[in-house]
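Hi,

Here is the structure I promised to pass on to you. Please have it open while you read, as my notes follow below.

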Amino acid sequence: MVPDVSTGSRTYGLLAYLYGPGRRDEHVDPHIVAAWMPELAPDPGRDPAATLKQLTDRLDLPVLALPKERRPARHVWHCPVRTAPGDRHLTDTEWAAVARRVVHATGIAEYGDDKACRWIAVRHADDHIHIVATLKREDGRSPRRHQDGIRAQAECRKIEKEWGLQILNEGDGTAAQRPTSAERAKAERTGRPEPARDTLREHVRQALSGAADEAEFFRRLAEAGLRLEVRRAPSGDALGYKVALPGDRNRDGQPIWFPGSRLAPDLSLPQIRLRLAADLTEDESSFAVRPAERPARARRTAAHVAEQAVTHLVDGSDMVGAAQLVGVGELLDAVAQTAPAATRKELADAARAFERATRSHTRAEHADHRALRSAARGIVRAGSALGKGEDGGTTAMLLSTMVLAAVAAIRWHSARGHAQQAAAARRAAEHLRAAYRTAATPPMATMREQGRRLPAPQRDRYAHTLEAALPDQAPRIQRESGWDALTATLAQAEQTGHDPDALLQQAIEWRELNTADSVSDVLVWRLRRIADLPAAPASNRTSTTRRKPPATPRAPQVAPQPRAVQPDTSPHRPRGSRH
């Protein structure tokens, strides 16, 4: 059961919507199921003589009785309450009880208070009601409704348990503010795919991803095409900022601005400054490669950093873990905005879902995610990746690790009772798996072909190597679709001077594999990163040119700044190798 509290200024406009046909003729039999005093609340849905004007006047009477200077600018309190999909349909009597409990819990109209606010509950669908109240009591005072949204949520959790409905995840006050019903209605009316608030939040997060300082953050916002206004002190220092979508205006023709703090708690300027306080690593060696090779280099580097983040989430303190989650979210924002077309939508959805998993009441030690922010910066500056060749292979390499990071986030939040954050990480993991399957299909198909062409004695030798390293999991791994690709990877590593036994042992010790959907896939990408093998070997060869094994993993690297990237709406069809 989901309540959604908001306020507005037009009682008649809201009632006209509730009693109207809806935007798609979805409103059926609108009528009042409960009210402050049912005999005083005319119901235009059931009484032919009643009008919306009469109902508006009755609700607004305590407000209009006050001098104009005492009337609140946003005097309309609106709280839709909706059951979860799959719940049974409640009766009018049950919905009336829900409404009375919600207005009591939120301080709008407590039980036995004959001077409380006026309110009604309108039902026009099977699965929800709309509670409408005016925010002046009969005695002229304002209701005590501090944290009314949280209190409404808590009361709905009680109702779910008592009535046998689905028990939804409890919030902790760290979620981003959801679009209001008016914002959603405007998006539908103007043909936008989503409310302006959601679009702006995504742009701001992407601008922050890997930004080195405040000036770069503001520059990226402007380059993304947003309207930006920075509030400054007489000294010139920024005090705050707000953003708006071009063309998004109110009835007076003014831009509809959103301060960062209204988009998400961690997007206020003070919170952004905490994240920017840690200096990022600038590794100029990334410029030693051709520009076309920079996206692949940045992704390979990021895969190593993401592996380290998984370890920190498992073994680090709460403050370290919270910081790693912020960094993983920032890295995912960077990957999403520079992704190939085939995976861009899934990765954008993954980034949006994981955004909720980056915030909890556990304080983050921001210096601990410097490596992740540096990796995000490298990806953004390297520019968009192609969906083929080495770019595609390193994208799969990185996404394989990002799936493990999302699974680690699920476990981290679940262990601390963060239900909403764990659910968000779970949604992100599903999108990441779908994106991985798309990215991994071409390179894994090539590697499987190469592995199947290896001589039987060589394949048997690698099977024995695996059995010695992972005796319990070896039979399962050899049945996975990625086993042939793993044998090809071991063969190529051996031809470049590596000891397959030692290399495989190093890959296994780097991080436990129990959370992997496909252990063979994870090992393939981990071995290719450690041994510095191509992520997308050419299909007409079974070996690689001999290369000197790297002494240590590469440090986070950066590459040039890209243009603003517009989201791609290309459809995504996950297929191929299963992660």
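Ile120 stands opposite Val132 in strand β6, and that is a good place to begin in this predicted model. Ile120 is part of a strand pairing: β5 (residues 119-123) runs antiparallel to β6, with five bridges between the two. The two strands make a hairpin, and four residues lie between them.

Val132 has a partner in another strand as well, since His78 is bridged to Val132 in β6. Here the neighbour is β4 (residues 76-82), which is antiparallel to β6 and joined to it by seven bridges.

How many residues of strand β6 (residues 128-134) are buried? Seven of the seven are, so β6 is largely enclosed by the rest of the structure. It helps to recall that side chains in a regular strand alternate between the two faces of the sheet. In β6, both faces are covered. One side carries His128, His130, Val132 and Thr134, the other has Ile129, Ile131 and Ala133, and all of them are buried.

A second antiparallel pairing worth a look is that of β7 (residues 227-232) with β8, where six bridges join the strands. Arg231 has Gly240 in β8 as its bridge partner. These two strands also form a hairpin, this one with five residues between the strands, and there Gly236 takes a positive phi near 100 degrees.

Strand β8 leads on to the aromatic residues. With ring centres required to lie within 6.5 Å, the count comes to three aromatic pairs. One of them is Phe217 with Phe218, a tilted pair at 5.5 Å centre to centre and 40 degrees between the planes. Both Phe217 and Phe218 are buried.

Why is the pair of Phe217 and Tyr241 edge-to-face? The planes of Phe217 and Tyr241 stand at 90 degrees, with the ring centres 5.6 Å apart, so the pair is edge-to-face; the cut-off for that class is over 60 degrees. Phe217 belongs to helix α7 (residues 214-223) and Tyr241 to strand β8 (residues 238-244), so this pair ties together parts that are 24 residues apart in sequence. Tyr241 is buried, as is Phe217. Taken together, Phe217, Phe218 and Tyr241 form one aromatic cluster.

If you want two spots to bring up in your viewer, I would pick Val132 with its partners Ile120 and His78, and then the cluster of Phe217, Phe218 and Tyr241.

Happy to talk it through whenever it suits you.

Best wishes

Note on methods. Residues are numbered from 1 along each chain as its sequence is written. This is a predicted model: local features need pLDDT of at least 70, side-chain atom pairs count only at pLDDT 80 or more; totals for chains, interfaces and linings use all residues. Side-chain values use heavy atoms; hydrogens and water are left out. Rings of Phe, Tyr and Trp (its six-membered ring) pair if their centres lie within 6.5 Å; planes under 30 degrees apart count as stacked, over 60 as edge-to-face and the rest as tilted. Buried means under 20% relative accessible area, exposed over 50%, partly exposed in between (1.4 Å probe, protein chains only). Two strands pair if DSSP finds at least two bridges between them.
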